[in-house]
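Got the viewer open? Let's take a walk through this one together, stop by stop.

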Amino acid sequence: METQDHLKPLNFETEETLKPLSFDFQNDTKEDFVPIAKTISNDIKNKESNFVFFFGTAESGKSVILSSMLYYLRSYAGVLRPKLGTPNSKEANVLLSDFFENIRQGVLPNRTTRDQVTRLDLVFEPNNKSKRVVPIDLTFLETSGENHNDIRRGGNYHSSIETFLNANIPLTFIIVTSYESAYKDDSLINEFLDELERKGKNLKSVNAILVISKWDKSGRMDVESAEALDSFISDHLPMTSQRIDTYGLSKTYYTVGSVQNATGSERISLLNLSTAEVLSKWLYRSIVGYDLDYEGTFWERLKFSFTN
């Protein structure tokens, strides 16, 4: 997978919240007044983070990708914990526990609830001791695939999603489609990219990656070559392929391993975290500018050689 050396986070413009007007109802007046209600603020609390937004239709694999990425980061790359002081710290603890317990038992995550954004505010502390491989705040955002269908033919997102897309926050987009349904999602992915353009986001500088999930359905756990992945995207997602190539966006494939259908439900029979590692490292590098396994400066390497 090719990655860009410099992927800049987006900064979005937001309108100022209207200030409420005050009225004195004790004084008699000949005019009729209707008090103006205070405008509900759409400002997002706790903006100091790196927000990661998942896009994909129902059953495309967004929740599986999220849970396996978190499992890789926590089990092999460092410490991953809920960020203190955020509104959903307790909820994040519950979600993380469910993710980690389920994936070790081969249980796939539940589908996301419609009209609701699942938000996970986390702190990731890499086990790499180089001073350039720094801890980062990560806020993962996921919503139901049904909600993404709302933008078809010029439709609008639910307000819970619009709040994040319109906010002045650094956003990374993970655009997910599956090996089996990619051809069905080509038009919708382009409508989503059009929506980002309408919101003033320059796709030439957007931090985004296209992920072909459920690659194991192809009969392989990997791709034969980079050209094979390019060919699949070009054949099944011709419009998306043009956007990806024109704007120089990243692309990859994804699998969690062998998935079997037993008693009417799918379960993981053999967990494979190789693609979770690739996507996690791409995400970290795109935010920090250094590889998660960066070996350090000369002096750091010299120091590590004495301490190890």
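Here is a tour that goes from confidence to pockets, then to a cavity, then to salt bridges.

**Stop 1: colour by confidence**

Before anything else, keep in mind that this is a predicted model. Colour the chain by pLDDT: the average for the protein is 80, and 79% of the residues reach at least 70. Now select residues 1–42, where the pLDDT is below 50. In the model this stretch has 52 contacts beyond near neighbours in sequence. Don't lean on those, though: where pLDDT is low, the predicted coordinates should not be read in detail.

**Stop 2: the largest pocket**

Select E59, S60, G61, V64 and K214. What do they sit closest to? They are the residues closest to the centre of the largest pocket, out of 29 that line it. The space in this pocket comes to about 550 Å³.

Next, show helix α1 (62–77) and helix α3 (145–148), each of which supplies at least two residues of the pocket lining. The largest share comes from α1, with 4 residues. Colour the pocket lining by class and you should find 8 nonpolar, 11 polar and 10 charged residues.

**Stop 3: two residues with a positive phi**

Stay at the pocket and zoom in on E59. You'll find E59 in the loop between β1 (50–55) and α1. E59 is not a glycine, yet its phi is positive, about 65°. Is E59 buried or exposed? Its relative accessible area is 56%, so E59 counts as exposed.

Now hop to K214, in the loop between β6 (207–213) and α6. K214 also has a positive phi, about 55° here, without being a glycine. With a relative accessible area of 25%, K214 is partly exposed.

**Stop 4: a closed space**

Rolling a probe the size of a water molecule over the atoms shows where empty space is left. How many cavities of 30 Å³ or more does a search of the whole structure find? The search turns up 1, and the volume of the largest cavity is about 40 Å³.

To see what surrounds the largest cavity, select L73, F124, I136, L138, S280, L283 and Y284. Strand β4 (136–142) and helix α8 each bring at least two residues to this lining. Which element gives the most? That would be α8, with 3 residues. By class, the cavity lining holds 6 nonpolar residues, 1 polar and no charged ones.

**Stop 5: salt bridges**

Side chains of opposite charge can pair when their charged atoms come close. There are 14 salt bridges in the structure, and a few make good viewing.

Start with D194 and R243, which form a salt bridge whose closest N and O atoms are 3.1 Å apart. This pair ties distant parts of the chain together: D194 belongs to helix α5 (residues 182–198) and R243 to helix α7 (residues 238–247), with their positions 49 residues apart in the numbering. Turn on the surface and look at both partners. D194 is partly exposed at 32% relative accessibility, whereas R243 is buried, with a relative accessible area of 15%.

Then go to K251 and D230, whose side chains meet in a salt bridge at 3.0 Å, N to O. Here, too, distant parts of the chain are linked: K251 lies in strand β7 (residues 250–253) and D230 in helix α6 (residues 226–236), 21 residues apart. D230 has a relative accessible area of 33%, so it is partly exposed.

For a pair within one helix, select K281 and E277. Their salt bridge has an N to O distance of 2.7 Å. Why are these two about one helical turn apart? Because they are 4 residues apart in helix α8 (residues 274–288). Both partners are partly exposed: K281 has a relative accessible area of 23%, and E277 has 29%. Helix α8 should look familiar, as it also gave 3 residues to the lining of the largest cavity.

**Last stop: a network**

Finish by selecting E162, E195, R198 and K199. What links these four? They are joined in a network of salt bridges. Show their side chains together and trace the connections for yourself.

Methods. Residues numbered from 1 in each chain as written. Heavy atoms only, no water. Buried < 20%, exposed > 50% of the residue type's maximum accessible area, 1.4 Å probe, protein only. 1 Å grid on protein atoms, 1.4 Å probe; cavity = no way out; pocket = protein on both sides within 12 Å on 5 of 7 lines; lining within 4 Å. Points joined across faces, edges and corners; volume = space filled by probe spheres on them. Nonpolar A, V, L, I, M, F, W, Y, C, P; charged D, E, K, R; others polar. pLDDT = per-residue confidence, 0-100. Contact = heavy atoms within 4.5 Å.
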